[in-house]
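Dear colleague,

Here is the structure I promised to pass on to you, and below it I have set down what was found in it. Please read the notes with the structure open beside them.

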Amino acid sequence: MLRNIESWKINLISVWFGCFFTGLAISQIIPFLPLYVEELGIHGGEALSIWSGLTFSITFIVSALVAPLWGSLADRKGRKLMLLRAAFGMGVVILLQAFVTQAWQLLLLRALMGLTSGYIPNAMALVASQVPRERSGWALSCVATGQIGGVILGPMLGGLLADWLGLRLVFIVTAVLLMISFFVTLFLIKETGYVPVSKKDKLSGREVFRSLENPRLMGCLFITTMVIQMCNGSVNPILTLFVRQLDPGIQNIAFISGVIAAMPGVSALVAAPRLGKLGDRIGTQRILLATMTATFVLLIAMSFVTTPTQLGILRFLLGFADGAMMPAVQTLLVRHSRDNITGRIFGYNQSFMYLGNVAGPLLGAAVSALTGYRWVFASTALVVLINVLFLKRFYRRPAPLFTPAQQAEPAESGHNASAPASTDTQR
């Protein structure tokens with residue numbers, strides 16, 4: 001028993017570092033993609049905006065399409081193999097991006113990068129399958145801090161490297177970081193208790209949802225994932241412009257905007273594991289509803305700010321909620337599904353996450369163009385409110401998944417009857 005506990009703890013630490021390096025690697029490129037596109041020969045405001053937008057969004061679009069496929073393969077072949085595939089594949093593709101000579105080549109490789117993605121959702125699925133379910137909220141929140149930490153440090157590191165070494169060498173350094181993730185996964189992560197799903201036993205998409213205790217809740221959680229990503233992304237296109245509108249004479253606007261943009265990540269690092277642990281004690285659904293309600297209130301407040309300082313403070317407070325929402329959704333996905341479909345469920349969830357990454361900036365850009373910057377916060381808050389109402393409607397306590405003939409066994413084993421039946425056999 002002690003050895004098993006040590007095994008999942010080692011996996012948790014290893015996955016944290018893998019997610020940290022992956023988040024660091026991916027985020028340090030994104031702020032400088034427009035400059036790289038311009039360096040490849042695309043000039044003029046309109047053309048540069050179109051090419052930059054396509055280059056950014058195509059990765060998420062392709063990822064959204066293939067995420068369920070990788071999730072299904074993870075259930076059949078194992079999550080560790082999918083982690084190795086994602087880390088190595090993204091590392092090679094990003095390395096090739098350092099040597100492109102035309103914008104269409106970069107666009108093609110960014111699409112291929114979407115095809116090879118999937119490290120973080122598979123890392124979450126692996127942790128969910130290894131950690132005792134009563135501690136899954138805390139564990140998934142800890143893993144989330146690895147990704148958040150990488151995303152916070154990534155743009156700063158990328159900026160320093162771009163200034164010191166040039167844009168192309170940023171891609172090479174990024175590829176090296178992903179190779180570190182590959183070797184951490186290869187040598188440190190042990191996938192214990194994994195029972196592969198044979199091809200003949202693989203469920204269709206319809207059968208997966210029929211096997212769920214609350215399919216409507218699961219669909220609502222997928223939408224919630226998309227909404228969370230939309231909240232994070234809708235403000236990005238207008239943040240710098242809004243800061244300038246609040247204080248037209250501001251100095252170092254790029255630096256100030258960068259600090260304000262990073263504020264939620266700082267507080268999320270502090271809040272995520274603590275709120276995850278609290279969710280294990282009082283109910284993860286309560287944490288999710290409370291943090292989404294707080295997000296709604298804070299977004300409304302942001303639409304009335306008059307100074308950049310006020311905006312920074314509110315975004316810092318937003319991070320406390322932001323750090324808990326996504327791990328809470330992932331914890332509920334685990335607790336409302338069987339182990340043999342965890343990969344598929346996380347794959348579907350990742351598709352909605354990528355859709356949110358695309359839809360958020362589009363929402364922010366469209367609303368700001370039509371009504372002004374302040375309405376971006378208000379419209380995002382409205383989306384959050386609608387989502388909260390649907391969550392409250394569809395959430396109910398899970399019914400036991402055991403058939404009458406199976407009920408005696410979990411009763412003797414002392415496990416919670418609301419947990420999926422496959423939990424005991426998988427550990």
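A residue is called buried when its relative accessible area is under 20%, exposed when that area is over 50%, and partly exposed in between. Leu-317 has a relative accessible area of 39% and is therefore partly exposed. Please keep in mind throughout that this is a predicted model.

Leu-317 sits in helix α14, and it belongs to a nonpolar patch on the surface that also takes in Val-266, Leu-269, Val-270, Ile-313, Phe-316 and Phe-320. Together these residues present about 530 Å² of accessible area. Two helices, α12 (253-282) and α14 (308-335), each supply at least two residues of the patch, and the largest share, four residues, comes from α14.

The helix α14 also packs into a second relationship that you may wish to look at, this time with helix α10, which spans residues 215-234. The axes of α10 and α14 come within 10 Å and cross at roughly 160 degrees, which means that α10 is roughly antiparallel to α14. The crossing of these two helices is left-handed.

How many salt bridges does the structure hold? There are two, and I describe them in turn.

In one of them, Arg-335 pairs with Asp-280, with the closest N and O atoms 2.6 Å apart. This pair links distant parts of the chain, since Arg-335 lies in helix α14 and Asp-280 in helix α12, 55 residues apart. The helices that this salt bridge links, α12 and α14, are thus also those named above as each supplying at least two residues of the nonpolar patch. Asp-280 has a relative accessibility of 22% and so counts as partly exposed.

The other salt bridge brings together the side chains of Arg-168 and Glu-39, at 3.6 Å from N to O. Here too the pair links distant parts of the chain, with Arg-168 in helix α8 (residues 167-188) and Glu-39 in helix α2 (residues 33-39), 129 residues apart. Are these two side chains buried or exposed, or something in between? Arg-168, at 30% relative accessibility, counts as partly exposed, and Glu-39, with a relative accessible area of 45%, is likewise partly exposed.

If you go through the model in the viewer, you might begin at Leu-317 in helix α14, and then follow that helix to Arg-335 and its salt bridge with Asp-280.

With best wishes

Definitions and conventions. Residues are numbered from 1 along each chain as its sequence is written. This is a predicted model: local features need pLDDT of at least 70, side-chain atom pairs count only at pLDDT 80 or more; totals for chains, interfaces and linings use all residues. Side-chain values use heavy atoms; hydrogens and water are left out. Patches are made of residues with over 30% relative accessible area and no salt bridge: like charges are joined within 9 Å, nonpolar side chains (Val, Leu, Ile, Met, Phe, Trp, Tyr) within 5 Å. Accessible areas come from the Shrake-Rupley method with a 1.4 Å probe; for residues, only the protein chains shown count as cover. A salt bridge is a side-chain nitrogen of Lys or Arg within 4 Å of a carboxyl oxygen of Asp or Glu. Buried means under 20% relative accessible area, exposed over 50%, partly exposed in between (1.4 Å probe, protein chains only). Axes are lines fitted to C-alpha atoms, for helices over the stretch in contact, and angles run from 0 to 180 degrees between N-to-C directions. Angles under 35 degrees count as roughly parallel, over 145 as roughly antiparallel, 65 to 115 as roughly perpendicular and the rest as oblique. A crossing is left-handed if the near helix is turned anticlockwise from the far one by less than a right angle, and right-handed if clockwise.
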